[in-house]
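Let's take a walk through this one from the inside out, starting with how the side chains pack and then turning to the empty space.

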Amino acid sequence: MKKLTSTITTATLWLLCTVAGAAHAETLRIASEGAYPPFNYVDSNNRLHGFDIDIANALCERMKVNCTFVTQDWEGMIPALLAKKYDAIVASMNVTEERKKKIAFTNRYYRTPLSVAVAHDSGISDAQTNFKGLTVGAQSYSTQAIYAEEHYAEAGATVKLYPSQDEAASDLAAGRLDGVIADKYPLLAWVAGAGKDCCTFLGDIDGTNTDAAIAVRQGDVELRERLNKALDEIVADGTYKNISRRYFAFDIY
């Protein structure tokens, strides 16, 4: 009888420790924009979905941590990370030398060029156009905004910046812009979907391929290394490819 009691007690303690351990498991707070389909977007219940979110969940599972997500406007993304409102950004953020002065990046989880879309009747047929005398839209605080201001504005175009990519695309569809510059994959998805009746995807801008990576604070070296290890693992075992196939018919890695 003592032996049975001891076994039950041991099992009970193990269960309590397991539950307590799960309750106190490390939580990784991740920010995403929620306005950049198919990479990140919110549904009618304000829940985040998309390629970025699926990748983040796969990494958290591999790292054996709990994931919680925060939606954050693009403009405030880096300041809020530095203010420790969350631990990492998984929001299709492109790696730039300017951003690396403030934050650190993991290895890439995909690569994208900049691309251009115009109205069907614009008469523009070349993605390398400089939009001289025309108006082109881009999301503010983005690599496409930097490109537009450095190349289009200097060539005599008017550059109009927007809080989100969706707003720039909506103005193109409404005829208030002559073109939009954006990362290839969200722009391609928009033209194939909501923008199919109004707009034409012109293609990539030469020499603009950029890595998209996870952003962390510069001092969080251990977290960056753990994320890199998890990234390597999900690429190696096919998890990354399975996630990518949900959204893309081609390789974006």
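**Packing first, then the gaps**

A good place to start in this predicted model is Tyr 110. Not counting its neighbours within four places in sequence, Tyr 110 is in contact with Phe 39, Phe 51, Asp 52, Ser 92, Tyr 185, Thr 210, Asp 211, Ala 212, Tyr 240, Ile 252 and Tyr 253.

Now zoom out to the core around that residue. Tyr 110 belongs to the largest nonpolar core, a set of 30 residues, and together with Phe 51 and Tyr 109 it touches the most other members. Quite a few elements chip in at least two residues each: strand 1 (27-32), strand 6 (88-94), strand 7 (103-112) and strand 13 (210-217) on the strand side, plus helix 2 (51-63), helix 7 (221-236) and helix 8 (239-247). The top contributor is helix 2, which gives seven residues to this core. There's also a second core, separate from that one, with 16 residues, including Val 118, Ile 124, Ala 157 and Leu 202.

So much for the packing; what about the space left over? How many cavities of 30 Å³ or more does a search of the whole structure find? Just one turns up, and the largest cavity holds about 80 Å³ of space. Its lining is made of 13 residues, with Tyr 36, Trp 74, Ser 92, Ser 142 and Asp 183 lying nearest the centre. Ser 92 is worth a second look, as it's also on the contact list of Tyr 110. Strand 6 and helix 4 (143-152) each supply at least two residues of the cavity lining, and strand 6 gives the most, with four. Sorted by class, the lining has six polar, four nonpolar and three charged residues.

Where does this cavity sit relative to the domains? Domain 1 (27-111 + 211-246) and domain 2 (112-209) both give residues to the lining, so the cavity lies between them.

Last stop is the largest pocket, with about 370 Å³ of space. Here 17 residues form the lining, and Ile 78, Glu 98, Arg 99, Lys 102 and Tyr 141 are the ones nearest the centre. Helix 3 (77-82) and helix 4 are the elements that give two or more residues to this lining. Class by class, the pocket lining splits into nine nonpolar, five charged and three polar residues. Both domains take part here too: domain 1 and domain 2 each provide at least three residues of the pocket lining.

Note on methods:
Residues numbered from 1 in each chain as written. Predicted model: local features only at pLDDT ≥ 70, side-chain atom pairs only at ≥ 80, totals over all residues. Heavy atoms only, no water. Core = buried A, V, L, I, M, F, W, Y, C linked by side-chain atoms within 4.5 Å. Buried < 20%, exposed > 50% of the residue type's maximum accessible area, 1.4 Å probe, protein only. Contact = heavy atoms within 4.5 Å. 1 Å grid on protein atoms, 1.4 Å probe; cavity = no way out; pocket = protein on both sides within 12 Å on 5 of 7 lines; lining within 4 Å. Points joined across faces, edges and corners; volume = space filled by probe spheres on them. Nonpolar A, V, L, I, M, F, W, Y, C, P; charged D, E, K, R; others polar. Domains from an automatic or database assignment.
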